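Here are a few exercises to work through with the model open in your viewer. Try each task before you read its solution.

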Amino acid sequence: MEKNYGCCFSNLSSNFPITCFIAFITIILFRVLYVIYRTGKPLSKRAPQQPLSTLIVLGSGGHTAEMINLLLVLQKDRFTPRFYIAAASDNMSLQKVRVLENALADSSGVKGISAEFMQIYRSREVGQSYVTSVWTTLVSMAHALWLMIKIRPQVVLCNGPGTCIPLCVIAFFFKVVGIRWSSIFYVESIARVKRLSLSGLLLYKLRIADQFFVQWPQLQRKYPRAYYVGCLM
Amino acid sequence: MGEAEDGVKRKRVVFVTVGTTCFDALVKVVDSQKVKDELSRRGYTHLLIQMGRGSYLPSKSTGEDGSLAVDYFTFSSSIADHLRSASLVISHAGSGSIFETLKLGKPLIVVVNEDLMDNHQSELAEELAERKHLYCAHPQTLNQTIAGMDLKSLLPYSPGDATPVAKLINKFLGFPED
């Protein structure tokens, strides 16, 4: 008899960690499926006096120019405080948005700027070998996590540079584990007419972006869940 | 072709820009005698090249002998003034350069850099060429493009508008419509 009980107990005690692990994985899986299900569903009505903290991801060259075009038509009092992140090697982008924010502060007479400017390590420099890119991507993900924990944005605006991938993946992760629910908006670059960029493809296929915008009709035909919004430039 | 009464040719500048890139193939071909002769033939008097990070140095020329006057520089904080004073712009296929030029209403030939990996830039240049907003060429075909271009046939480009995106974003977040 005792032997039977002994067998029972030993079975349970060796199964318990496994059972916990399986339960944990199942919960995460259901949570991920729930987040994917909720992604893309509009939020409930919101008063303009309830602003949303916004993360804006900048990229070299045309990316920042397009983003600035979008920022000019967004109501700043609805999207505040604003956090700008650019790649560490990109100095021009932060300069350009500082000018924008300064002009905004001047015109609205608000003392101080409700904006912060940060730089992030790049996952991969243009032309970098894919082998070393694995390590640099890990470093940039750790850095991205650090920044995201500080910011915990409710809205993420991005338009293509590789820097946005770690940030959007972490935003998705925050949704899964309940740290912060965010709405992720992606505008594919105007230079993408027939094919999506790698960032765009990832955010579209993995259903990480809540709303995915394209500037040319050819892309909307290929990717039906995207919204065709015409040229921003 | 723009000759004033005293027989002196009016100044017509061709501005070449490669943005922040290195595009020696374009600078070389623009600096070639064939292309310079063709530009002269079409009535241009000055050639100004913004060569960016390239290593090929064009040969300067004062143009006193009636040939094309040639000058170059690497970078400038803003090329807007150069674009404004140009009669023709020849640019690499970067979207920033393209739209800055189109917004100023200047005739534009976009030259695609075939050395770039994953040449997504050419998609934009080809699409805009199809819509007749500019001419699109490769370094080897630039000469023919200049010879055969009819700038009056180019259609003006109306600037884009970001308000549709802003409206959709606001709607999604539950903000009231303005």
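**Exercise 1.** Is Cys168(A) buried or exposed, and how many disulfides does the structure hold?

*Solution.* Start with accessibility: this is a predicted model, and in it Cys168(A) has 0% relative accessibility, so it counts as buried. Next, look for a partner. The closest cysteine sulfur belongs to Cys158(A), and at 3.7 Å it's too far from the sulfur of Cys168(A) for a bond. The cut-off you need here is 2.5 Å between the sulfur atoms. Now try Cys231(A): its nearest cysteine sulfur sits in Cys136(B), 16 Å away, and Cys231(A) is in no disulfide. Count over all chains and you end up with zero disulfides.

**Exercise 2.** Work out how the helices and strands of chain A are ordered.

*Solution.* First tally them: chain A has seven helices and seven strands. Then walk from the N terminus, and you'll read α-β-α-β-α-β-α-β-α-β-α-β-α-β. For the overall picture, the C-alpha trace of chain A spans about 85 × 40 × 35 Å along its principal axes. Of the 233 residues in chain A, 45% are buried. Finally, take the contacts between residues at least 6 apart in sequence: 70% of them join residues at least 24 apart.

**Exercise 3.** Describe the second largest pocket and its lining.

*Solution.* Begin with the volume, about 330 Å³. Then list the lining: 16 residues, with Lys167(B), Asn170(B), Pro176(B), Glu177(B) and Asp178(B) nearest the centre. Last, sort the lining by type, which gives five nonpolar, five polar and six charged residues.

Conventions: Residues numbered from 1 in each chain as written. Chains lettered and ligands numbered in written order. Predicted model: local features only at pLDDT ≥ 70, side-chain atom pairs only at ≥ 80, totals over all residues. Heavy atoms only, no water. 1 Å grid on protein atoms, 1.4 Å probe; cavity = no way out; pocket = protein on both sides within 12 Å on 5 of 7 lines; lining within 4 Å. Points joined across faces, edges and corners; volume = space filled by probe spheres on them. Nonpolar A, V, L, I, M, F, W, Y, C, P; charged D, E, K, R; others polar. Buried < 20%, exposed > 50% of the residue type's maximum accessible area, 1.4 Å probe, protein only. Helix = DSSP H or I, 4+ residues; strand = E, 2+ residues; numbered from the N terminus. Contact = heavy atoms within 4.5 Å.
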